[in-house]
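Hi everyone, thanks for making time this morning. I'd like to walk you through a structure, so let me put it up on the screen.

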Amino acid sequence: MPITTDQQIKGINFSEFAFRKILFISAISIVILLFCFFLTLVASSLPSINTIGIKFIYGVTWDPVSDKFGGFPFLAGTLFTSLLALIIAIPFSLSVALFLGEYFRTGLISAIFKNIVELLAAIPSVIYGFWGLFVLVPLIRSLETKIGVAPYGVGILTSSIILSIMIVPYAVSLTVQVITLVPADLKEAAYSLGATRLEVIRNIILPYTRSGIFAGILLALGRALGETMAVTMLIGNSHIVPVSIFSPGNTMASVIANEFTEATGKIYLSALIEMGLFLFLVTTIINIIGRSVIKRFSIS
Amino acid sequence: MEGTILKTFNFSANFGESQVLKNISIEINRNEVVAVMGPSGCGKTTFIRCINRMHELTQGATVNGDIRVDDNSIYTMNLIVLRRKIGMVFQHPNPFPTMSIYQNVVAGYLLNGIKLKKTERDEVVERSLKRVALWDEVKDDLHKKGTFLSGGQQQRLCIARSISMNPEILLLDEPTSALDPISTAKIEELIFELKKNYTIIIVTHNMQQAGRISDRTAFFYLGELLEFNDTTELFINPKHEKTQNYITGRFG
């Protein structure tokens with residue numbers, strides 16, 4: 001009995017061909033989608049770009065009633081909250097990652113902890129917002145009263161704390177992975193020279209994993225920049241350039257979410273879309289910078 | 001300085017339930033080269049990893065009995081002091097990839113946070129690299145990464161890294177098994193030189209190698225020390241049938 005007839009071979013060849021085409025079309029559609037995305041944003045923000053011009057980036061007044069659209073307070077608010085969130089989250093994430101990646105690599109405790117950290121990422125951001133409103137805002141308010149600044153409760157610090165909790169799982173899960181990948185050989189070589197565990201972490205594990213850790217931080221930053229819901233609930237939505245960690249402010253994502261439904265004028269709507277384009281560009285630039293740094297850091 | 005440097009008493013080691021070393025008692029003299037041989041899984045690597053207490057880094061690893069270095073139990077000695085006294089070189093060359101050649105040689109000092117003056121550090125680097133006959137090959141590239149060197153050079157760099165701490169004993173875990181014949185020959189020559197200053201315990205799969213470089217050979221089988229004798233004597237006149245079978249290549 002012949003194993004394959006010509007007919008069957010033809011069929012096999014066709015399915016190979018079709019399968020490859022399907023994969024190719026799926027991949028290319030992502031590229032096209034991203035391109036269309038960008039085009040739509042650019043096209044819809046053209047009215048605003050033409051009317052407001054470069055002032056959109058450095059203007060500090062956002063007053064839709066008198067058609068003044070200066071986006072600087074939102075850029076400042078976005079960068080301020082995200083960077084502060086990173087400053088809070090990095091030492092914390094690194095500690096958790098070292099604990100799970102080096103001290104408790106296996107076993108039940110480790111598995112439970114790892115799952116709980118991952119679960120943090122699954123909590124909807126509106127719930128983070130609620131928790132922030134009911135728990136964090138009163139706490140910050142009493143702190144503000146104590147140190148004698150205007151007790152808003154909401155503001156940059158409150159949003160940053162919530163953001164930092166939200167980005168921990170992103171930073172942790174990548175960092176745990178790279179820490180687990182440090183060759184046992186290298187750690188043993190260091191131990192055999194008399195190094196203690198702390199010395200091994202500081203001189204072997206951290207230098208070896210720095211590009212991975214950086215990637216984790218970057219991932220977290222990308223998440224923090226674009227986070228909308230929880231921040232909108234906690235930042236105070238004031239169109240001012242934040243001057244201290246206690247001032248209320250606004251972020252690019254929040255202002256879009258807040259004002260999109262009530263944007264009546266043509267320019268107003270277009271300005272909000274331009275804000276989206278702006279956010280898109282900022283995150284893209286940060287991503288590109290990050291990637292180049294990772295490339296420079298990584299060990300050949 | 002003659003006499004015993006290392007002594008084990010009824011020493012056993014386990015990974016969880018399974019016993020990998022059974023009642024090993026052995027005495028090793030200062031400045032001799034001891035080859036540890038035996039078929040795979042006989043516990044030879046575990047044996048040398050117990051001497052600098054690396055065995056215990058593995059989860060579930062336990063030991064029984066005692067090992068004494070210079071008549072001090074390794075279990076009462078400070079771990080850092082012990083591991084400085086006993087250098088270790090691994091099967092695969094493993095220079096630290098984030099460090100330069102120079103930093104690799106003084107890695108033991110860097111890791112422990114011991115401050116050395118620059119002149120002292122330069123001296124340690126030069127002396128250690130000369131001892132492993134690597135100085136002439138790398139003296140112009142000291143600040144390049146150690147991972148750019150060839151496998152054999154990397155392994156000699158790792159030996160330099162160990163001896164820069166002035167250990168008394170060097171543990172070599174199949175140091176040439178990942179190397180080509182020329183690099184292997186260089187390492188063997190080196191061991192012959194190093195023997196003047198250090199006591200060397202080398203795990204090897206290669207019987208010719210054991211014959212060429214060691215003074216005495218220990219034959220391990222299924223976690224037991226079957227035979228420990230002068231290398232030539234053990235090869236010509238093995239007391240144990242298993243040893244005989246192994247060296248004549250009937251199993252391996």
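**A helix with two sides**

Let's begin on chain B, with the outward-looking side of helix H8: Pro181(B), Ile182(B) and Glu193(B) are exposed there. Before I go further, please keep in mind that this is a predicted model.

So which residues of H8(B) are buried? They are Ile187(B), Leu190(B), Ile191(B) and Leu194(B). Looking down the axis of H8(B), you'd find these buried residues within an arc of 105 degrees, so they line one face of the helix. And what covers them? The cover includes strands E3 (33–37), E7 and E8 of chain B, together with helices H7 (151–163) and H9 (207–213) of the same chain.

There's also a little length check we can do on H8(B), which runs over residues 181–194. With 14 residues at 1.5 Å a residue, the helix should span 20 Å, and its end C-alpha atoms are indeed 20 Å apart, so the two agree.

Now to the strands I just mentioned. E3, E7 and E8 belong to an open sheet of 6 strands in chain B, with the order E6-E7-E8-E3-E9-E10 and mixed pairing. At the edges stand E6(B), residues 86–89, and E10(B), residues 224–230; each has a single partner strand, so one side of each is left without a neighbour in the sheet. Ignoring direction, neighbouring strands of this sheet are turned by 15 degrees against each other on average.

As a quick reminder for everyone, strands of a sheet pair through backbone hydrogen bonds, in either a parallel or an antiparallel way. For a parallel example, take E7(B), residues 169–173, and E8(B), residues 199–203, which pair over 5 bridges. One pair to click on there is Ile169(B) with its bridge partner in E8(B), Thr199(B).

For the antiparallel case, let's go to the start of chain B. Strand E1(B), residues 4–15, is joined by 8 bridges to strand E2(B), residues 18–29, and the two run antiparallel. Leu6(B) has Ile28(B) as its bridge partner in E2(B), while Asn14(B) stands opposite Gln19(B). The hairpin of E1(B) and E2(B) has 2 residues between the strands, and Gly16(B) takes a positive phi near 55 degrees there. E1(B) is also joined by 8 bridges to strand E4(B), residues 61–69, again running antiparallel. In that pairing, Phe15(B) stands opposite Ala61(B).

Let's turn to chain A. How many helices and strands does chain A have? The count is 11 helices and 2 strands, and along the sequence they follow the pattern α-α-β-β-α-α-α-α-α-α-α-α-α. The radius of gyration of chain A is 25 Å, well over the 19 Å that the globule rule gives for 300 residues, so chain A is more spread out than a compact globule. Along its principal axes, the C-alpha trace of chain A spans about 85 × 65 × 35 Å. Of its 300 residues, 36% count as buried.

Last stop: where the two chains meet. Here 17 residues of chain A are in contact with 19 residues of chain B. Helix H7(A), residues 184–192, and helix H8(A), residues 197–226, each supply at least two residues of the side of chain A that touches chain B. The largest share of that side comes from H7(A), with 7 residues.

That's my tour, and I'm happy to take questions.

Key
Residues numbered from 1 in each chain as written. Chains lettered and ligands numbered in written order. Predicted model: local features only at pLDDT ≥ 70, side-chain atom pairs only at ≥ 80, totals over all residues. Helix = DSSP H or I, 4+ residues; strand = E, 2+ residues; numbered from the N terminus. Rg over C-alpha atoms; globule rule 2.2 N^0.38 Å. Buried ≥ 20, exposed ≤ 12 C-beta atoms within 10 Å, placed from the backbone. Pairing = 2+ DSSP bridges. Axes fitted to C-alpha atoms, helices over the stretch in contact; angles between N-to-C directions. Expected span 1.5 Å × (residues − 1). Arc of directions from axis to C-beta. Contact = placed C-beta atoms within 7 Å.
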